[in-house]
Amino acid sequence: MSLVSLFMGAFAARKRGEEAQCFLYRDDIGAFWGIKGYEEMVSEVGTHRGHLSWPQYRFLGAFDGASVRRGFLVFARNCANCHGMIYKKYDALLDKAYRQLELAAMVSSFSINPAHHHFKQYYYQEWEDRDRLIHDRIYPTYFSQDEAKNANGGVWPTDLSKIHKRPGGINYVYNILTGYHYKPPYGIDIPKGKSFNPYFDHMIIGMPRQLYDGLVDYEDGTPASTPQMAYDVSNFVSYMQRRYGSKFPDHMVKMYMFATGFALCLPFAYIRTRAYYRNLLSVRWEMYAVRDGVYYTHFKKGGRNSRAYQFKQKIWA
């Protein structure tokens, strides 16, 4: 549809007395709060609605190990076909979600190629494919960005190691995975091979819907619904973030300790700087010094004590 036809259609609609619905005249296109009628679908709004509760962001909270374990299962079965986490290793899941032997058995079902190491500029003495080990980095399926773009319609699947930098953080991941059921508004044409997702930056995303009910079978019997899988994957991705993920609760505890110590010291610092830190004995000695003319001698008073007359013949026990 050309711009001329859009303008002609809008002019004809106004001539018939109808309200023009041409999206070019809307002042909210591209605004960070989204298109009218879709306000609650963008991450900047949805993050403050309180739809979900992430235990790691509560006071003295920690990651849900069961959810992280389930999230890695969904990631390994589905997301890892395109996405990777080249800044993290599989062994980050030890103790929290997996034991060493079971994690090694699960990771060994994937292969790794020397081209993966070359992508990270690692040059090991390896010349053929091998099974992955728990100390390997979570490389994507593709060997290079060019290969990934050729396989995904010119789009490189995002590396999930730093996805928390997107607006919304962990809610961004959850919103993207559960935002495919909305229909595009009037005036937005979805290209072939693309999908409409109001949580995405431009609302047109190259990744089709990935999660469907019953996609995986959880070991603990949790129903694998789309919201549940999105919740678990979001927890897993948040746990595996670079410089930030699994250490976030520990970092917050340190911050709470520092803030508590600072708050406890603040009253004493205030009293000290305001000269209120006096015991009764020192106060009494000071009052005697004032009475005897030691203090408050000023040249404007001729070197005499200007306060002593207030305390003549005063005795403090």
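Helix H7 gives the largest share of the lining of the largest pocket, 4 residues, where helices are DSSP runs of H or I with at least four residues, strands are runs of E with at least two, and both are numbered from the N terminus. By pocket I mean, on a 1 Å grid over the protein atoms alone, an open set of points where a 1.4 Å probe fits, with protein on both sides within 12 Å along at least five of seven lines, and a lining residue has an atom within 4 Å of a point.

Please keep in mind that this is a predicted model, in which local features need pLDDT of at least 70 and side-chain atom pairs count only at pLDDT 80 or more, while totals for chains, interfaces and linings use all residues. Residues are numbered from 1 along each chain as its sequence is written, and side-chain values use heavy atoms, with hydrogens and water left out.

The lining of this pocket comes to 25 residues, and those nearest the centre are His83, Pro157, Thr158, Ile205 and Met207. Two elements, H7 (170-177) and H8 (226-239), each give two or more residues to that lining. In character the lining divides into 17 nonpolar residues, 7 polar and 1 charged, with Ala, Val, Leu, Ile, Met, Phe, Trp, Tyr, Cys and Pro counted as nonpolar, Asp, Glu, Lys and Arg as charged, and the others, Gly among them, as polar.

Let me turn to H8 itself. Of its 14 residues 12 are buried, so the helix is largely enclosed by the rest of the structure, buried meaning under 20% relative accessible area with a 1.4 Å probe and protein chains only. Among these buried residues are Met229, Asp232, Phe236 and Val237, and the buried residues of H8 pack against H3, strand E1 (85-89) and H7.

What does H8 give to the largest nonpolar core? H8 gives the most, with 7 residues, to a core of 43 residues in which Phe72, Phe75, Met85, Leu93, Phe236 and Val237 have the most contacts; such a core is a set of buried Ala, Val, Leu, Ile, Met, Phe, Trp, Tyr and Cys residues joined through side-chain atoms within 4.5 Å. Leucine 93, leaving aside its neighbours within four places in sequence, is in contact (heavy atoms within 4.5 Å) with residues including Val68, Phe72, Phe236 and Tyr239.

For the protein as a whole, there are 10 helices and 6 strands, and buried residues make up 35% of the 317 residues.

Definitions and conventions: Buried < 20%, exposed > 50% of the residue type's maximum accessible area, 1.4 Å probe, protein only.
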